[in-house]
Each structure stands twice: as structure tokens, then as C-alpha cells.
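Here is a short briefing to read alongside the model. Keep the viewer open and follow the topics in whatever order suits you.

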Amino acid sequence: MRNAAVYASGLLERMNDPALNDIALSAKELLHVDWAGIALIVDDLQIVIASSGGQIGRYERARSMSAHAILAPDAIFCVPDTRVAEAFGSNPFVRVGLIRFFAAAPIVTAAGLPLGVLCVSSRTQRRAINEAEADALQSLAARVLDTPPAQS
């Protein structure tokens, strides 16, 4: 049911859409992080469809931090230091030092199905995000489904 909702959303056809990239860039600037992106979780994949710069594409869901974030669609998922989070030791971005801090807000349909996340990351550990930052990240994530495709 959740996978069908991802396909029906039309978001998979919006790879590298400037309107979605703008949402990612807003999240990056809001939280002062190195990177932000919009990742959909479908079948055995994590598909990053938008980014604040770099890393768009398909990745194994088994190594995805975003796949953990959709398990609680009403909550912000935050890992202040991925080096001490055993669950992410096999993540290649953690192993090479690209992701040390990670936070994500689920992108949720009106029916309550999590399609993916708006996520942010940094190469350095950080404190957990505060309530105001969490609210702002959730607000940006909610805009993903309401943002029309950029005009070509």
C-alpha cells in the first residue's frame, strides 16, 4: 500500500526538479548543514530525487538511514553522531565520513502513508535538533507533496 502511494504520488518522475531542489536548499540553509535532500523509499530502494547539491540517485534501502525515519511518520528522526549509532555502521556514507549528523522529517500523504523524507546531513556531529528546527523541517517536508513541478 505504501509503495503504491509512492508510485501514485508522481514524485518519482520529478528527479532533480528545481522546485524540489529549492525545498532541499531551504532545509540545508535552515539547519546550517552540509547537505539536504528528498529521498523516497520504495521497494528495496532509497531514491534521492532532489538535493541541495550532489548525490541524486538510487541507493540500497538496506543501508538507508531514511528507511529508518519513515517508521515513525509523525516524528523527526535524528542521529547526532552516526559513528556511535551501530545501526549505520554499514552505510557507505557514514564509513567514509560524509554523514556524521543526520536528521529527517517524513513526507506523509493525507492518508498517513510515509513516502520518504526530507533529510539533512553534516560531516560533523551536532546536537540533536531543537523543537523549532524540527517544526520547520516538518513544515518543509509537508510542502513536498504540495509543490507543483517547476516550469521548463
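The notes below go from the overall fold to the sheet, the helices that pack on it, and a few side chains.

This is a predicted model. The protein has 5 helices and 6 strands, and along the sequence these follow the pattern α-α-β-β-β-α-β-α-β-β-α. The strands β3-β2-β1-β6-β5-β4 make up, in that order, an open sheet of 6 strands with antiparallel pairing.

**Overall shape**

- The radius of gyration is 14 Å, which agrees with the value near 15 Å that a compact globule of 152 residues would have.
- Measuring tape in hand, so to speak, you would find that the C-alpha trace spans about 40 × 30 × 30 Å along its principal axes.
- Of the 152 residues, 47% are buried.
- Among contacts with a separation of 6 or more, 59% are between residues 24 or more positions apart.

**The sheet**

- Which strands stand at the edges of the sheet? They are β3 and β4, and each has a single partner strand, so one side of each is left without a neighbour in the sheet.
- On average, and with direction ignored, neighbouring strands of this sheet are turned by 25 degrees against each other.
- Strand β5 (residues 101-108) and strand β6 (residues 114-122) run antiparallel and are joined by 8 bridges. Here Ala 105 of the protein stands opposite Leu 118 in β6.
- The hairpin of β5 and β6 has 5 residues between the strands, and Gly 112 in this hairpin takes a positive phi near 90 degrees.
- β5 also pairs with β4, in the antiparallel sense, over 3 bridges. Cys 78 has Ala 103 in β5 as its bridge partner.
- Strand β5 is mostly covered, with 7 of its 8 residues buried.

**Helices on the sheet**

- Helix α1 (residues 2-9) lies across β1 (35-42) and β6. The helix runs at about 120 degrees to β1.
- Helix α5 (residues 131-143) also packs on the sheet, where it touches β5 and β6. The direction of α5 makes about 45 degrees with that of β5.

**Aromatic rings**

- How many aromatic pairs are there? The count comes to 3 with ring centres within 6.5 Å of each other.
- One of them is the edge-to-face pair of Tyr 59 and Phe 93, at 5.6 Å centre to centre with 70 degrees between the planes. This pair links distant parts of the chain, since Tyr 59 belongs to strand β3 (residues 57-60) and Phe 93 to helix α4 (residues 92-95), 34 residues apart.
- Tyr 59 has a relative accessible area of 21%, so this residue is partly exposed. Phe 93 is partly exposed as well, because its relative accessible area is 22%, and buried means under 20%.
- Another edge-to-face pair is formed by Phe 77 and Phe 88, with 6.2 Å centre to centre and 85 degrees between the planes. Phe 77 is in strand β4 (residues 77-79) and Phe 88 is in the loop between β4 and α4, 11 residues apart, and this pair too links distant parts of the chain.
- Phe 88 is buried, with a relative accessible area of 6%.
- Phe 102 joins Phe 77 and Phe 88 in one aromatic cluster.

**A charge over a ring**

- Where does the charged end of Arg 126 sit? This end is over the ring of Phe 101, 4.7 Å from the ring centre.

**A buried serine in a loop**

- Ser 52 is found in the loop between β2 (45-51) and β3.
- Is Ser 52 buried or exposed? Its relative accessibility is 17%, so Ser 52 counts as buried.
- Leaving aside residues up to four places away in sequence, Ser 52 touches Ala 24, Leu 25, Lys 28, Trp 35 and Ala 36.

Technical notes
Residues numbered from 1 in each chain as written. Predicted model: local features only at pLDDT ≥ 70, side-chain atom pairs only at ≥ 80, totals over all residues. Heavy atoms only, no water. Phe/Tyr/Trp six-rings, centres within 6.5 Å; stacked < 30°, edge-to-face > 60°. Helix = DSSP H or I, 4+ residues; strand = E, 2+ residues; numbered from the N terminus. Buried < 20%, exposed > 50% of the residue type's maximum accessible area, 1.4 Å probe, protein only. Lys NZ or Arg CZ within 6 Å of the ring centre and 35° of its normal. Pairing = 2+ DSSP bridges. Axes fitted to C-alpha atoms, helices over the stretch in contact; angles between N-to-C directions. Contact = heavy atoms within 4.5 Å. Rg over C-alpha atoms; globule rule 2.2 N^0.38 Å.
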